[in-house]
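Colleague: Could you walk me through reading a structure like this one? I'm happier at the bench than in a viewer.

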Amino acid sequence: MSTERIIHLADLAFIENGIRTIRSDVAVVSQQVEGVGNELAHTRSELAQLEQLFREFIAADAMAKELQLAETRQVKVRQELETKYGYYDQVRRQATGILQAADISIVRQETITSATEELMLAAPRYWLAPALVALGAWINDNQALATKALAEALRRDDEKTTLFFALVSRRASRAAACGTWLDRYFGMQDPSKLDRQTVVLVDALASGVFGADVRNKITSRTEAWIEELSQRAGFVEEQRTQWNAALRSKAPTLDSAQRYRYLAKHSPTWNDLNASMNSAGIHAAVLEHFRQIFNGQIPPSPNIQVAVDNLLHKLVKNFDDEELPLRRDERLCQLIIDERGNRKAAQDRYALESAALDEQINFTQLLTNAAMHPEIAHSSRDTQRYATALSKQWIKEAHGDVTAAVRAAVPPSVQIDIEGWSGTTDNGENEEKLAGSLAKYIDGLKDAALAVLKVGVMHWAALVIGGSFLLWGLPTLNLLLMGLGAGGVIWFFTARSKIQKARAGVEAKFAALKEQAREMLKASIAEVVEWRREFARRDAAAADVTALLDDISPQQYVLSSHDNARKVMA
Amino acid sequence: MARTILGAKPTLDHSSASLATRGPSLSLSPQQVEARLRQQRSRKYIDAVTKLDAGSHVHSKEAVDELLREIGQELREVSADFWPIGYVSKCYLGAPYEVHSLDRTGNIICHYKAGQSLPNGMERARTIARHPQYAFIEVYSDKLIAVTQSGDVSLIKG
């Protein structure tokens, strides 16, 4: 009996050892599974980062391609301009060349005649070629040829030829002739459909090129134009619309995601916030634009000849309509380059300034273009000042509208999404409440995760059945029952230990997540507060724009004249 | 729930002071109407509307009627169809109230807390109404007009 018992005890120890080994193996497997779980979570996180990087790469690649395309296209457009209209340049250069040569009488009459006649052959259809023949003939006192060439130039482009000879007459101090040419020019103009080159006339007026009589005449004509335009229905509204677009064209197109990293990542409101911030940037940009126009002295041209030559050069160089389609293409390419390949932003800017590249515009649009897009309208700073002063009231009203629209578009509250939780804040005043809500949400996630990690019915059944088998087998020393019973009990405790470990892991994971989410929320709210401050700073610049416009007084626009007279323009 | 400040409940039976039923019926074109609405507001009108937040108007129906008469007087050239559907301005009652409104059709002055939506399309005026530069916002079906203390107006389409 005792021998049997020893054997039985020895056998039980063997079984126990086996079960201990299994338990150890199960623990190892459990650790491995947990490791795999962590790896999976890590991989998911990396995959999300990779997806984000990939999206950014695609966007950057598309922009780089657009940029490259725009640069290539711009070169092609410029080559096309050179090929198609390059020979115009030779003609253009000679316009002021002939006048300056005649000033100092160092070129023989025959040379001028021969040069202009050659230009006539080289530039068919171009209005300036016969105009230069007429100019050469006039200098050489050949009235018959001058009349004939002039008739041809007028036939090719009446308005430009008329303006050209008005300026040439002014250069030669022929006041009566200048007046006659200008009368002719004005007679052809419809203030609602002006050719772009009229800005040259405004330049001449604003820079004091004309004598007192002519200047008064032009001033009264431009005032009559404005009066005529203002009689039309919807005129004032049109001015506001024009200036609204002109002011909005100065809005920066920056992505502030680098400065507001948390909002860019966690707020669905981010795009609206970024757009609002850019819109608020209009004030500083407009302020800078007007300051550049009004600050400092404009150095006057040394004499009337230089002043008129500059105007003539501008007139013959920049306003040929047949070049316009290519000039528009070139401008769009330039804007795409300026916007670093962001085609949509470039097209939006182009839409706002495209009126400056229209063939015909009304007088007030011409003033708007001259004031706001001098590089496209080819206007001088004198003209910018003059145009701004004339349009002051419309600018103020349009700026008021733009300012109000920008303020109205500011998102009143900012949504923040973190780990599936969502909350809104106006300016971070409810941070505590949001933090509580977020903590509660993550606690909820944790509870859900812990809910599945508990000792189940099977485990309890194994414990009960195992215990019963042990109680049943021990008195009779039934090894089979005892083995099964011990197995059930051990399985229960092993599983419970594993679950406790897993629960501890979940607790730790969610504690870390909670801390991380709290930090993200805190950082996002801090950025909301900073965003509101920055917006307020930018918005405050609106008052500076209004003050600057209010300060524009007529006395600022006393124009110097080459006739030693002065005139208040506005 | 918005806080209705008037003692009486909102009534659908518009009194003689109701802006919806008063005012001349002039045949101005939409452009002329807009030109009129673009004009500077009078001191009297601004004072009347800004008193929305003051104690004298919050309990007295007569006072509100007086205010509505003032509004009708200001926009007398314009047909009632083109008058504002309501007014929204910053509320100086203090937290938790943020803005208040005068609903023209119901003649109700209500004060709204942060996060509480304004009815009848007036919610779009909320953000700008909180800006300190504007005395109040006139709400129209197709636009907002922001009015400063000096009477200058700015128009926002939509």
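Modeller: We'll take a few features in turn, bearing in mind that this is a predicted model.

Colleague: Let's begin with helix packing. What angle and axis distance describe the packing of H7(A) and H12(A)?

Modeller: Two packed helices are described by the angle between their axes and the distance between the axes. Here, helix H7 (residues 198-206) of chain A meets helix H12 (residues 304-318) of chain A at about 170 degrees, and their axes are 10 Å apart. An angle over 145 counts as roughly antiparallel, so that is how H7(A) runs relative to H12(A).

Colleague: Which residues make that contact?

Modeller: H7(A) brings Val200(A), Asp203(A) and Ala204(A), while H12(A) brings Leu311(A), Lys314(A) and Leu315(A). Sorted by type, the residues of this contact are four nonpolar, no polar and two charged.

Colleague: On to strands. In which sense do S3(A) and S4(A) pair?

Modeller: In a regular strand the side chains alternate between the two faces of the sheet. In this model, strand S3 (residues 414-418) of chain A pairs with strand S4 (residues 421-425) of chain A in the antiparallel sense, over five bridges. To get your bearings, find Val414(A), which stands opposite Thr425(A) in S4(A). The two strands form a hairpin with two residues between them.

Colleague: What is the phi of Glu419(A) in that turn?

Modeller: Most residues other than glycine have a negative phi, and most peptide bonds are trans. Glu419(A) has a positive phi, near 50 degrees. This residue sits in the loop between S3 and S4 of chain A and is partly exposed, with 15 other C-beta atoms within 10 Å.

Colleague: And His378(A): is that residue buried or exposed?

Modeller: His378(A) is buried, because 21 other C-beta atoms lie within 10 Å and the cut-off is 20 or more. His378(A) also has a positive phi, about 60 degrees, although it is not a glycine. Look for it in the loop between helix H16 (374-377) and helix H17 (381-390) of chain A.

Colleague: Last one, the chain contact. How many residues does each chain put in?

Modeller: The size of an interface is often given as the accessible area lost when the parts come together. Counting residues instead, 14 come from chain A and 14 from chain B. Helix H9 (235-248) and helix H18 (392-408) of chain A each supply at least two residues on the chain A side. H18(A) gives the most to that side, with seven residues. By type, the chain A side has seven nonpolar, three polar and four charged residues.

How values were computed. Residues numbered from 1 in each chain as written. Chains lettered and ligands numbered in written order. Predicted model: local features only at pLDDT ≥ 70, side-chain atom pairs only at ≥ 80, totals over all residues. Contact = placed C-beta atoms within 7 Å. Helix = DSSP H or I, 4+ residues; strand = E, 2+ residues; numbered from the N terminus. Nonpolar A, V, L, I, M, F, W, Y, C, P; charged D, E, K, R; others polar. Pairing = 2+ DSSP bridges. Axes fitted to C-alpha atoms, helices over the stretch in contact; angles between N-to-C directions. Parallel < 35°, antiparallel > 145°, perpendicular 65-115°, else oblique. Buried ≥ 20, exposed ≤ 12 C-beta atoms within 10 Å, placed from the backbone.
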